[in-house]
Amino acid sequence: MQIKESDWKKFRKKIANWQERYMERLTEEYVQILQSDKPASAKFWELEKRIKKDKKSPGVLIEMRRSTAIENIVILVLDGVITLDELNDFSDDLQETVKSLLEIYKNI
């Protein structure tokens, strides 16, 4: 499904704030890792592993293509970057498509 122009504009406008908020949450989790009672080497390798995994998330780095926007929104919801409530000002069509795709992913 192709995303509507109005939804595409909203998505482009909102994505930076969503990513910034998500990376702030990740940073707080990294601080917890560093403040743990584990040995320095264990903290280092745990943090390195987390950053390597997290930087692949659309919540951190996203390829902005209109053709993949809906799929990216679904992944953002699945990864906890955004909630469905944050899509309330998008079109009903987009919201329903995202909900339908989420149901499919949950059943896989």
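Let's start with one side chain. Lys 14 is partly exposed, with a relative accessible area of 23%. Keep in mind that this is a predicted model.

What does Lys 14 form a salt bridge with? The partner is Asp 89, and the closest N and O atoms are 3.2 Å apart. Lys 14 sits in helix α1, while Asp 89 is in the loop between α3 and α4, so the pair ties together parts that are 75 residues apart in sequence. Asp 89 is partly exposed too, at a relative accessible area of 37%.

Now move along α1 to Arg 21. Arg 21 and Glu 86 meet through their side chains in a salt bridge, 2.7 Å from N to O. Again, distant parts of the chain are linked: Arg 21 is in helix α1, Glu 86 is in the loop between α3 and α4, and their positions lie 65 residues apart in sequence. Arg 21 is partly exposed, with a relative accessible area of 40%.

How many salt bridges are there by this rule? The count comes to 9.

Some of them join up. Glu 29, Arg 50, Lys 53 and Asp 54 form a network of salt bridges. Look at Lys 53 and Asp 54 in that network. Their closest N and O atoms are 3.3 Å apart. Are these two buried or exposed? Lys 53 is exposed, with a relative accessible area of 55%. Asp 54 is buried, at 3%. The cut-offs matter here: buried means under 20%, and exposed means over 50%.

Next, helix packing. Take α1, residues 5-34, and α3, residues 69-78. Their axes come within 12 Å and cross at roughly 35°. The crossing is left-handed. Which residues meet there? From α1, we have Trp 8, Phe 11, Ile 15 and Trp 18. From α3, we have Ala 69, Asn 72, Ile 73 and Leu 76. By class, that contact has 7 nonpolar residues, 1 polar and no charged ones.

Stay on α3 for a moment. Val 74 lies in this helix. Val 74 is buried, with a relative accessible area of 1%. What does Val 74 touch, once residues up to four places away in sequence are set aside? The list is Val 98, Leu 101, Leu 102 and Tyr 105. Take Leu 101 from that list. Its C-alpha atom is separated from that of Val 74 by 7.1 Å, and the two residues are 27 apart along the chain.

That brings us to the core. In soluble globular proteins, nonpolar side chains tend to be buried together. Here, the largest nonpolar core has 24 residues. Which of its residues touch the most other members? They are Phe 11, Trp 18, Ile 82 and Val 98. Helices α1, α3 and α4 each supply at least two residues of this core. The largest share, 8 residues, comes from α1.

Two of those names have come up already. Phe 11 and Trp 18 are in the α1 set that meets α3. Val 98 is one of the contacts of Val 74.

Ile 82 is new, so here are its contacts, leaving aside neighbours within four places in sequence. Ile 82 touches Trp 18 and Arg 21. Ile 82 also touches Ile 73, Leu 76, Val 77 and Leu 87. Arg 21 is on that list, and Arg 21 is also the salt-bridge partner of Glu 86.

Terms used. Residues numbered from 1 in each chain as written. Predicted model: local features only at pLDDT ≥ 70, side-chain atom pairs only at ≥ 80, totals over all residues. Heavy atoms only, no water. Axes fitted to C-alpha atoms, helices over the stretch in contact; angles between N-to-C directions. Helix = DSSP H or I, 4+ residues; strand = E, 2+ residues; numbered from the N terminus. Left-handed = near helix turned anticlockwise from the far one by under 90°. Contact = heavy atoms within 4.5 Å. Nonpolar A, V, L, I, M, F, W, Y, C, P; charged D, E, K, R; others polar. Buried < 20%, exposed > 50% of the residue type's maximum accessible area, 1.4 Å probe, protein only. Salt bridge = Lys/Arg side-chain N within 4 Å of Asp/Glu carboxyl O. Core = buried A, V, L, I, M, F, W, Y, C linked by side-chain atoms within 4.5 Å.
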